[in-house]
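Here are my notes on this one, as promised. Have the model open while you read; I start with a helix and work outwards.

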Amino acid sequence: MGTAATVVLGATVRKSGAQDTILQSRQALAAGAPSLSSVSFTVNGAARELEIDTRTTLLDALREHLHLTGSKKGCDQGQFGACTVIVGGRRVTSCLTLAVMHQGDSIITIEGLGTPENMHPMQAAFVKHDGYQCGYCTPGQICSAVAMLDEVKAGIPSHITADLNEDPELTNAELRERMSGNICRCGAYSNIAEAITEVAGRQA
Ligand code: FES
């Protein structure tokens with residue numbers, strides 16, 4: 001950062017604590033040091049507090065800092081969906097959002113949905129219908145499917161919902177459209193669709 005800019009920012013920073021923090025972050029970045037910030041949120045029902053580099057994605061915070069490695073890093077560009085977690089009831093590709101943006105949020109990962117001894121119905125349905133091969137996409141598929149069914153129940157339309165005045169139905173086409181953000185490189189799509197359809201039928 002140039003001297004002139006520093007002087008200008010130096011004048012600005014006296015106005016508020018928030019601006020002071022921003023200036024310190026910029027100076028730290030300019031010096032090559034990580035800019036740290038604290039964030040607290042709830043993960044799988046437990047309160048967690050982290051002091052992390054502000055550039056840390058939610059995915060990296062979960063995997064590298066909280067050691068919840070169920071959420072997978074596929075592409076780090078939001079196209080694979082293996083990193084999908086549920087934040088405040090909505091599915092989120094955790095590689096595309098910064099951890100510090102989730103102050104106070106409630107986050108659910110695959111580890112929070114169920115355990116091998118006490119599986120979530122969606123996890124059990126994936127096992128029953130063999131909805132995976134290598135399993136790398138599976139945590140994201142399951143988190144996405146759980147939140148997707150809630151979206152349908154809440155009447156949220158998809159890109160292909162024809163009548164916005166009617167409650168959406170989970171047709172095969174709707175299911176595939178709504179799950180299209182979750183790629184399965186092994187091509188287990190038909191089994192994944194069977195598993196989700198079974199859980200949706202049970203919930204209907
Ligand atoms: Fe291998 Fe989906 S089971 S990528």
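1. Start with H6, which is mostly covered: 12 of its 16 residues are buried. Keep in mind throughout that this is a predicted model. The buried positions in H6 include Thr-138, Pro-139, Gly-140 and Gln-141 at the start of the list, then Ile-142, Cys-143, Ser-144, Ala-145, Val-146, Ala-147 and Met-148, and also Val-152.

2. The geometry of H6 checks out. With 1.5 Å per residue, its 16 residues should span 22 Å, and the end C-alpha atoms lie 23 Å apart, which agrees. After H6 comes Gly-155, with a positive phi near 80°.

3. What does H6 contribute to the largest nonpolar core? Seven residues, which is the largest share. That core has 40 residues, and those with the most contacts inside it are Met-122, Ile-142, Cys-143, Ala-145 and Val-146. Besides H6 (138–153), the elements giving two or more residues are strands E1 (36–43), E3 (84–87) and E5 (106–108), plus helices H3 (58–65), H5 (121–128) and H8 (189–203).

4. Where does this core sit relative to the domains? Domain 2 (36–113) and domain 3 (121–203) both supply residues, so the core lies between them. As background, nonpolar side chains in soluble globular proteins tend to be buried together.

5. Val-146 is a good residue to click on. Leaving aside residues up to four places away in sequence, Val-146 touches Ile-86, Leu-113, His-120 and Met-122. Val-146 and Met-122 are also both among the residues with the most contacts inside the core.

6. Now the sheet. It is open, with five strands in the order E2-E1-E5-E3-E4 and mixed pairing. E2 (46–53) and E4 are the edge strands; each has a single partner strand, so one side of each is left without a neighbour in the sheet. From one strand to the next, the twist averages 40°.

7. Which strands does H6 lie across? E3 and E4, and H6 runs at about 35° to E3.

8. Last, a look at E3 and E4 themselves. They run antiparallel and are joined by four bridges, with E4 covering residues 90–93. Ile-86, one of the contacts of Val-146, stands opposite Arg-91 in E4. The hairpin has two residues between the strands, and Gly-88 takes a positive phi near 55° there.

Definitions and conventions: Residues numbered from 1 in each chain as written. Predicted model: local features only at pLDDT ≥ 70, side-chain atom pairs only at ≥ 80, totals over all residues. Core = buried A, V, L, I, M, F, W, Y, C linked by C-beta atoms within 7 Å. Buried ≥ 20, exposed ≤ 12 C-beta atoms within 10 Å, placed from the backbone. Domains from an automatic or database assignment. Contact = placed C-beta atoms within 7 Å. Pairing = 2+ DSSP bridges. Expected span 1.5 Å × (residues − 1). Axes fitted to C-alpha atoms, helices over the stretch in contact; angles between N-to-C directions.
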